[in-house]
Amino acid sequence: MSDEEYSATVLGSHWFSGPPQPQEAVPDRVEGSVMRFGPGVTAAMPAPFPVVVPVVVPPRRRGAGLRRYTLAAVVLAAVLAYLGWQRFGPGIEVREVSVTTDPAGPACDATADVVAVVGTNGRPGTLTYRWVRSDGTRSQELTERVPRGQREARLHLLWTFRGTGSYRAKAELQLLSPGQRTAAVDFTYRCPR
């Protein structure tokens with residue numbers, strides 16, 4: 001370059017007009033809402049605003065939660081009531097009492113089997129009783145446990161006789177609880193030898 005071609009005003013003109021103004025960038029292509037600048041593959045840009053997906057919650061009917069458990073609650077209450085009634089409900093009741101033995105009486109030097117039959121309502125419980133004999137003997141208080149569903153209890157008195165002659169005997173059952181009842185049977189011991 002020669003000195004004649006050199007011009008200080010041309011060289012320094014950019015110093016006086018300020019920095020060069022950037023030109024507006026133009027995208028290479030537009031795909032939907034994504035603008036692409038330059039070559040290559042870029043990741044999809046997030047939306048410029050939050051995406052809200054509406055969730056539809058069905059309206060709750062009043063009392064629907066309560067109705068859902070009603071059947072289970074009723075069944076549970078019925079089972080508990082039944083078990084409570086079985087355990088703490090009405091106890092054993094005596095319906096009837098009878099006492100029997102062999103009407104011919106025992107043979108010589110033999111034992112009479114006196115049997116009391118106590119009819120119940122089938123509920124479980126305990127019978128308290130004693131035997132009273134006509135010879136003045138009385139037993140201590142005895143108990144008999146009656147299981148559920150059993151509608152009668154058989155209570156035995158074994159009375160042994162010895163010797164010759166005859167004896168008019170009477171055996172009486174005194175039921176002490178539940179309730180108080182009595183029943184008796186008469187028989188005769190005979191031994192002619």
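This tour goes from a three-stranded sheet to the nonpolar core, then to a disulfide and a group of aromatic rings, in a model that is predicted.

**The sheet**

Begin by selecting β3 (94-100) and β7 (152-160) together with β4, residues 111-120. These three strands make an open sheet in the order β3-β4-β7, and their pairing is antiparallel. Because β3 and β7 stand at the edges, each with a single partner strand, one side of each is left without a neighbour in the sheet. Looking across the strands, you will find a twist that averages 15° from one strand to the next.

Now show the backbone and follow the pairing on either side of β4. Towards β3, the two strands pair in the antiparallel sense over six bridges, and one residue to pick out here is Val99, whose bridge partner in β4 is Ala116. Towards β7, nine bridges join the antiparallel strands β4 and β7; select Val115 to find its bridge partner His156 in β7, and then Val114, which stands opposite Leu157.

Before leaving the sheet, add the surroundings of β4 to the view. Eight of the 10 residues of β4 are buried, so this strand is largely enclosed by the rest of the structure.

**The nonpolar core**

Keep Val114 selected and display its neighbours. Leaving aside residues up to four places away in sequence, Val114 touches Val99, Thr100, Thr101, Trp131, Leu155, His156, Leu157, Ala171, Val185 and Phe187. Val114 also belongs to the largest nonpolar core, which has 26 residues, and it is among those that touch the most other members, along with Val99, Val118, Leu127, Trp131 and Leu173.

To see where this core draws its residues from, colour the strands separately: β3, β4, β5 (125-133), β7, β8 (165-177) and β9 (181-191) each give two or more residues to it. Of these, β9 gives the most, with five residues.

**The disulfide**

Stay with β9 and move to Cys191. The structure holds one disulfide, formed by Cys108 and Cys191 with their sulfur atoms 2.0 Å apart. The link is right-handed, with 115° about the S-S bond. Since Cys108 lies in the loop between β3 and β4 whereas Cys191 lies in strand β9, the pair ties together parts that are 83 residues apart in sequence.

With a surface switched on, compare the two ends of this link. Cys108, at 24% relative accessibility, counts as partly exposed, while Cys191, at 3%, counts as buried.

**The aromatic rings**

Finally, select Trp159, Phe161, Tyr167, Phe187 and Tyr189, which ring pairs link into a cluster. The structure holds five aromatic pairs, and two of them can be examined by centring the view on Phe161.

Turn first to Tyr167, whose ring forms a tilted pair with that of Phe161, at 6.4 Å centre to centre and 45° between the planes. Here Phe161 counts as buried, at 7% relative accessibility, but Tyr167 counts as partly exposed, at 30%.

Then rotate to the other partner, Tyr189. The centres of the Phe161 and Tyr189 rings are 4.9 Å apart and their planes are at 15°, so this pair is stacked. Phe161 sits in the loop between β7 and β8 and Tyr189 in strand β9, so that the pair links distant parts of the chain, 28 residues apart. Both Phe161 and Tyr189 are buried.

Notes:
Residues are numbered from 1 along each chain as its sequence is written. This is a predicted model: local features need pLDDT of at least 70, side-chain atom pairs count only at pLDDT 80 or more; totals for chains, interfaces and linings use all residues. Side-chain values use heavy atoms; hydrogens and water are left out. Two strands pair if DSSP finds at least two bridges between them. Helices (H or I, at least four residues) and strands (E, at least two) are DSSP runs, numbered from the N terminus. Axes are lines fitted to C-alpha atoms, for helices over the stretch in contact, and angles run from 0 to 180 degrees between N-to-C directions. A nonpolar core is a set of buried Ala, Val, Leu, Ile, Met, Phe, Trp, Tyr and Cys residues joined through side-chain atoms within 4.5 Å. Buried means under 20% relative accessible area, exposed over 50%, partly exposed in between (1.4 Å probe, protein chains only). Contact means heavy atoms within 4.5 Å. A disulfide is a pair of cysteine sulfur atoms within 2.5 Å. Rings of Phe, Tyr and Trp (its six-membered ring) pair if their centres lie within 6.5 Å; planes under 30 degrees apart count as stacked, over 60 as edge-to-face and the rest as tilted.
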